[in-house]
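Trainee: I'd like to learn how to read internal cavities and helix packing. Can we work through an example together?

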Amino acid sequence: MQAFFKKHLLIAVLMALIVSCNNGPDAPDVDHIEVDLESHLFYKELFEGGSSDIAGKVKTLNNKYGPYLEAYSQKVINIGSVDDPHYEVNLKTFIDYDANKDVYAKCLEQYSTVDDLMVDMEQAFRYYKYYFPNSVNPDIYFHISGFNQSIALDSAWISVSVEKYLGEECEFYEWLTIPKYLRKRMVKAKVVPDVMKAIGMTTFPSGMKNEDVLNSMIQKGKVLYFVHHMVPKIRRELLFDLSEKELKWCERYEADIWSGMVERKHLYNTDRMVIQKYTGDSPFTYYFGQDSPGRAAIYLGYQIVNAYMKNNQDLTLVDLMLDDDGHKIFRESRYRP
């Protein structure tokens, strides 16, 4: 394995130097684009004052948030419909649960206001409106989910589970035994990128032909490319969910990763376990040893997409996101690490 990674070391180092100088896409001027997002600290309204008057609280929230409250209740915290006769009891139980009270108190420390976060959010949506002029600006909600999905969204709103972004050292994550390699993405700086990632994944769902390793890594690379254009100043470590050390590893061994995949004839492998080992969440990438970061193939997927767009400058971001032929994207990228 050591010989494998030394094989193209000089070339890899030179490539890393070139890549490290690339700070991301050229950001267009979007200052003229008006974006007025409405934010709602829903979690605060839900927990504030406790559950002593649960009937009154349900009435107030339902009058104010109607469809959102229904979706939140049924799909996020799974307590049933607002119209269910047991709904008030179920919601009271959720609010009164001691662990949820502790989570609420912790969330207030970082998210009692989201003004600073919304400045970055609105900027991201200016870029979104620039590249996708027909897009509609959603309302932005902040909720507590009981550590369920980080982002929930509908056609009219996007909701962020604030307890999923309390910082990688948060004691809750230790108690929940969340692996350290996952905790590094549970930081406030990931909220806006994750919102845009959710938009990219749901607006342009994966429809790749011939689901194989190559298509999987390119599809995920497309989503990262999309996020990078929505948040062009994002630090590369945040974009790829890698530490600085892990990112340097990918840059250093990019050519070796690629040659290893080619030699194993894995690029067109359709085995789900093989795909998972290259692009799924993991502390390291199975085929490249424990010194490698997880999902290393997605780093290559991004580089392929980036090369493809540079070699086809007549294409728009819309064209890219609508293209479901990863093999064609690879061919026309002329990718050579």
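Trainee: Which residues line the second largest cavity?

Mentor: Keep in mind that this is a predicted model. The general idea first: rolling a probe the size of a water molecule over the atoms shows where empty space is left. Here, the second largest cavity is lined by Leu224, Phe240, Leu242, Cys250, Gly294, Arg295, Ala296, Ile298 and Tyr299. About 60 Å³ of space lies inside.

Trainee: Which helix gives the largest share of that lining?

Mentor: Helix 16, with three residues. Sorted by class, the second largest cavity's lining has seven nonpolar residues, one polar and one charged.

Trainee: How many cavities of 30 Å³ or more does a search of the whole structure find?

Mentor: Three. The largest holds about 70 Å³ of space. Its lining divides into six charged, four nonpolar and two polar residues. Among the lining residues are Lys184, Arg185, Asp241, Glu246 and Asp281. Leu242, Gly294 and Arg295 also line the largest cavity, and these three turn up in the lining of the second largest as well.

Trainee: Back to helix 16. At what angle does helix 16 pack with helix 18?

Mentor: For a helix pair, look at the angle, the axis distance and the handedness. Helix 16 (residues 296–311) and helix 18 (residues 326–333) pack at about 65°, their axes 8 Å apart, and the crossing is left-handed.

Trainee: Which residues make the contact?

Mentor: Helix 16 brings Ile304, Ala307, Tyr308 and Asn311, while helix 18 brings Lys328, Ile329, Phe330, Glu332 and Ser333. By class, that contact has five nonpolar, two polar and two charged residues.

Conventions: Residues numbered from 1 in each chain as written. Predicted model: local features only at pLDDT ≥ 70, side-chain atom pairs only at ≥ 80, totals over all residues. Heavy atoms only, no water. Axes fitted to C-alpha atoms, helices over the stretch in contact; angles between N-to-C directions. Helix = DSSP H or I, 4+ residues; strand = E, 2+ residues; numbered from the N terminus. Left-handed = near helix turned anticlockwise from the far one by under 90°. Contact = heavy atoms within 4.5 Å. Nonpolar A, V, L, I, M, F, W, Y, C, P; charged D, E, K, R; others polar. 1 Å grid on protein atoms, 1.4 Å probe; cavity = no way out; pocket = protein on both sides within 12 Å on 5 of 7 lines; lining within 4 Å. Points joined across faces, edges and corners; volume = space filled by probe spheres on them.
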